[in-house]
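Me: I should like to go through the descriptive terms applied to this model and ask what justifies each of them. The structure is shown below.

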Amino acid sequence: YWQGLSTLPDARLVQRALQRYGYGIDVTGVWDEQSRHVLLAFQRHFVPNRVSGELDLETCAVLWALLEKYFPDSLTGPDSLA
């Protein structure tokens, strides 16, 4: 995913991905304060070299890889994020 991502996904998609992974986040479509707080928690755990609360390609790549590993239907199945 790190090499395959060239642009950041929109806020709604990232919020849905974080929600699917188990984080308590409302899907608003706006990169707001709650999104930054949830992303900070995710980054602290999975991307400690990028703890900023701001979305970046590396953080997205890690999130997508984790979804593929633990929730593969999230990316391709009937309940996919898209």
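Me: In what sense, left-handed or right-handed, does H1 pass H3?

Reply: In this predicted model, H1 passes H3 in a left-handed crossing. The contact is formed by Leu13, Val14, Ala17, Leu18, Arg20 and Tyr21 on the H1 side, and by Cys60, Leu63, Trp64, Leu66, Leu67 and Tyr70 on the H3 side. By class, these residues comprise 11 nonpolar, no polar and one charged.

Me: Why are H1 and H3 called oblique to each other?

Reply: Their axes cross at roughly 45° and come within 10 Å. An angle under 35 degrees would count as roughly parallel, and one of 65 to 115 as roughly perpendicular. The crossing of roughly 45° falls in neither range, and H1 and H3 are therefore oblique to each other.

Me: What makes H2 roughly perpendicular to H3?

Reply: The axes of H2 and H3 cross at roughly 80° and come within 11 Å. Since angles of 65 to 115 degrees count as roughly perpendicular, that term applies to H2 and H3. On H2 the contact involves Leu39, Phe42, Gln43 and Phe46, and on H3 it involves Thr59, Val62, Leu63 and Leu66. These residues divide into six nonpolar, two polar and no charged.

Me: How is the relation of H1 to H2 classified, and why?

Reply: H1 and H2 pack at an angle of about 55°, with their axes 11 Å apart. The range called roughly perpendicular begins at 65 degrees, and roughly parallel requires an angle under 35; the angle of about 55° therefore makes H1 oblique to H2. The crossing of H1 and H2 is left-handed. Gln15, Leu18 and Tyr21 of H1 meet Gln34, Ser35, Val38, Leu39, Phe42 and Phe46 of H2 in this contact. Its residues are six nonpolar, three polar and no charged.

Me: How do you know that the end-to-end span of H2 agrees with expectation?

Reply: H2 has 14 residues, and at 1.5 Å a residue these should span 20 Å. The end C-alpha atoms of H2 are 20 Å apart, which agrees with that value. For H3, also with 14 residues, the distance from its first C-alpha to its last is 20 Å, close to the 20 Å expected.

Me: Which residues of H2 are buried, and against what do they pack?

Reply: Ser35, Val38, Leu39, Leu40, Phe42 and Gln43 are the buried residues in H2. The buried residues of H2 pack against helix H1 (11-21) and helix H3 (57-70).

Me: Why does Arg44 count as exposed?

Reply: Arg44 is found in helix H2, which covers residues 33-46. The relative accessibility of Arg44 is 54%, and exposed means over 50%; Arg44 therefore counts as exposed.

Me: Which residues of H3 are buried, and what do they pack against?

Reply: In H3 the buried residues are Glu58, Thr59, Cys60, Ala61, Leu63, Trp64, Leu66 and Leu67. They pack against H1, H2 and helix H4 (73-76).

Me: What makes Pro9 buried?

Reply: Pro9, in the segment before H1, has a relative accessible area of 17%. Buried means under 20%, so Pro9 meets the criterion. Leaving aside its neighbours within four places in sequence, Pro9 is in contact with Val14, Leu55, Cys60 and Trp64. Pro9 and Leu55 are 46 residues apart along the chain, and their C-alpha atoms are separated by 9.2 Å.

Me: Why is Leu13 called partly exposed?

Reply: Leu13 belongs to helix H1 and has a relative accessible area of 23%. This value is not under 20%, as buried would require, nor over 50%, as exposed would require; Leu13 is therefore partly exposed. The C-alpha atoms of Leu13 and Val27 lie 8.4 Å apart in space, with their positions 14 residues apart in sequence.

Me: How do you know that Leu81 is buried?

Reply: The relative accessible area of Leu81 is 7%, and buried means under 20%; Leu81 is therefore buried. Leu81 lies in the segment after H4. Beyond its neighbours within four places in sequence, Leu81 is in contact with Leu13, Arg16, Ala17, Arg20, Leu67, Ser74 and Leu75. The C-alpha atoms of Leu81 and Val14 are separated by 8.8 Å, although these residues are 67 apart along the chain.

Notes: Residues numbered from 1 in each chain as written. Predicted model: local features only at pLDDT ≥ 70, side-chain atom pairs only at ≥ 80, totals over all residues. Heavy atoms only, no water. Helix = DSSP H or I, 4+ residues; strand = E, 2+ residues; numbered from the N terminus. Buried < 20%, exposed > 50% of the residue type's maximum accessible area, 1.4 Å probe, protein only. Expected span 1.5 Å × (residues − 1). Contact = heavy atoms within 4.5 Å. Axes fitted to C-alpha atoms, helices over the stretch in contact; angles between N-to-C directions. Parallel < 35°, antiparallel > 145°, perpendicular 65-115°, else oblique. Nonpolar A, V, L, I, M, F, W, Y, C, P; charged D, E, K, R; others polar. Left-handed = near helix turned anticlockwise from the far one by under 90°.
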